[in-house]
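Here are my notes on the two-chain model, as numbered points you can check against the viewer. Have it open as you read.

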Amino acid sequence: MSVWKNFIKGIIKENPVLVLLLGTCPTLAMTDSVSKAFGMGVAATVVLICSNMAISALRNVIPDKVRIPCYIVLIAGFVTVVEMVMHAYLPDLYEAMGVFLSLIVVNCIILGRAEMYASKNRVFDSAVDAVGMGIGFTLALLCMSTVREIFGAGSWMGMEIPFIKDHTVGILTMSPGGFFVFGVLIAVVNKLTGHRKRSEAGGCAGCPGAALCMKNGCSEREGEGK
Amino acid sequence: MKKDYIKSIAVLGAICLVIAALLATVNYFTAPVIKENSAAKENASLSEVLPGSKSFKAEKLPDGAAESVTGIYTDEGGAGYAVTLSTSSAYSGSPMTFTLGVDSEGKVVGVKITNYSETKDFGSDYPDGYIGADAGSAGDVNLAAGVTYSSTAFREAVCDALEAVDMIREGRG
């Protein structure tokens, strides 16, 4: 896969949030305001890049039996570094994100990329994959938070928008509104990527991650399960 | 087989050591900044919780004051007291810290949270329910649904603060 294709796949075709449906908890919790969504996106991207590179560099050293504990230690370490830096230099954003910042440790996108990609590919390719996935995650959060903040709170990045601020749809800033916007965005992305046609193919071939997964022996495992 | 186990333990141990060293290095640089920010926030909160205050004098904590009371400051203009508190219990493990303004009659006149480890917007308005409470009534303020753990710790800390202020006002301790 070319570097460009590797980078671009995380933005739409294999978008971690809107296509692979990973990282749903922070997506719903952090998208009631654009500034929180941006903070979460950047923090997760930094952790994703560092963990993907470290795991890829150590892929021939880490024994298979202890790979998950090793990944978790590395990811937790990078999350704690990001947390300490934000606490010192971005205290307002650190407070606004609360426990969701620490919960990046258990974000499925990061562990998923470590297991699916970084542990099987070179450091450079893993870094490119992480940048693409991180940008895809951040853009998905920004799209969702923009809709929720503008129409739910009548502001964008805290700046009030005339007229809309007097005609807000309050439910959009609450959990049901989050699910609604999430569903609509998934439908739009499915339409753009033609995912429905792939789903009709059924089995592993219908999965958005099929291209990579089948290369790593998914089709053999599917055959075993039958 | 045995060799595999030894290799697994050695690799995991080495990764833990490297990550611990990285965290220690980052902590070395960020800890003083975090401490400085917290101190600045705490100082600013003293005058914020006590309207009409001029300058503060630190009091010696009375004997028998609860552990949650970390500092008591008297306004030299006679407006009352500002008490800094740190609760020992919160879900995230990091303590909640806040400053309580108490007027010269022993009633709560202001609350300012300086560190809240739970997500900021969840139930952070329950402290306002303590405005006007005194040592006799603070224990009866309702807990907040959804944040019962934090609001219980908060209520206990407010009672501790009012008791400590009463000790100072009455010259006990």
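1. Let's start with the sheet in chain B. Strand E1 (residues 56–59) and E2 of chain B run antiparallel, with four bridges joining them. If you want a register check, look at Lys57(B), which sits opposite Thr74(B) in E2(B). Bear in mind throughout that this is a predicted model.

2. Next along is the E2/E3 pair. E2(B) pairs with strand E3 (residues 80–86) of chain B, again in the antiparallel sense, over five bridges. Two places to check the register: Ile72(B) has Val83(B) as its bridge partner in E3(B), and Tyr73(B) stands opposite Ala82(B). The hairpin made by E2(B) and E3(B) has four residues between the strands, and there Gly78(B) adopts a positive phi near 85 degrees.

3. E3(B) also has E4(B) as an antiparallel partner, and that pairing counts seven bridges. Here Thr84(B) faces Thr99(B) in E4(B), one threonine opposite another. As a reminder when you look at side chains here, those of a regular strand alternate between the two faces of the sheet.

4. How covered are these strands? E2(B), which spans residues 69–75, is mostly covered, with five of its seven residues buried. For E3(B) the count is six of seven buried, so the rest of the structure largely encloses this strand.

5. Helix H1 of chain B, residues 2–49, deserves a look for its bend. A kink of about 35 degrees lies at Thr30(B), shortly before the proline Pro32(B). Which residues of H1(B) are buried? They are Ile15(B), Ser45(B), Leu46(B), Ser47(B) and Val49(B). What they pack against comes from both chains: helix H4 (67–89) of chain A, and from chain B the strands E1, E2, E3, E4 (97–103) and E5 (108–115).

6. Leu50(B) lies in the loop that links H1 and E1 of chain B. Why does Leu50(B) count as buried? It has 25 C-beta neighbours inside 10 Å, and the cut-off for buried is 20 or more. Leaving out residues up to four places away in sequence, Leu50(B) touches Asp75(B), Ala79(B), Gly80(B), Ala82(B), Gly101(B), Val109(B) and Gly110(B). Of these, take Gly101(B): it is 51 residues from Leu50(B) along the chain, yet their C-alpha atoms are separated by 5.0 Å.

7. Further along chain B, Arg169(B) belongs to helix H2 (residues 148–169). With 15 C-beta neighbours inside 10 Å, Arg169(B) counts as partly exposed. Its C-alpha lies 8.4 Å from that of Gly106(B), and the two residues are 63 apart in sequence.

8. On to the interface. How many residues of each chain are in contact with the other? The model puts 22 residues of chain A in contact with 21 of chain B. On the chain A side, H4, helix H5 (91–97) and helix H6 (99–102) each supply at least two residues. H4(A) provides the largest share, 11 residues. By class, that side of chain A has 16 nonpolar, four polar and two charged residues.

9. Chain A overall has 12 helices and two strands. Of its 226 residues, 39% count as buried. Among the chain A contacts with a separation of 6 or more, 73% are between residues 24 or more positions apart.

10. Helix H3 of chain A (residues 34–57) makes a handy geometry check. At 1.5 Å a residue, its 24 residues should span 34 Å, and the end C-alpha atoms are indeed 34 Å apart, so the two agree. H3(A) is also mostly covered, with 17 of its 24 residues buried.

11. Finally, confidence. The model scores ipTM 0.80 and pTM 0.74. Mean pLDDT is 87 for chain A, with 86% of the residues scoring at least 70. Chain B has a mean of 82, and 86% of its residues reach 70 or more. Among the elements of chain A, H4(A) has the highest mean pLDDT, 95, and helix H12 (residues 218–225) the lowest, 49. Over residues 222–226 of chain A, pLDDT stays under 50, and the model has two contacts beyond four places in sequence for that stretch. Where pLDDT is low, the predicted coordinates should not be read in detail.

Notes. Residues numbered from 1 in each chain as written. Chains lettered and ligands numbered in written order. Predicted model: local features only at pLDDT ≥ 70, side-chain atom pairs only at ≥ 80, totals over all residues. Buried ≥ 20, exposed ≤ 12 C-beta atoms within 10 Å, placed from the backbone. Pairing = 2+ DSSP bridges. Bend = angle between axes of the 7 residues up to and from the residue. Contact = placed C-beta atoms within 7 Å. Nonpolar A, V, L, I, M, F, W, Y, C, P; charged D, E, K, R; others polar. pLDDT = per-residue confidence, 0-100. Expected span 1.5 Å × (residues − 1).
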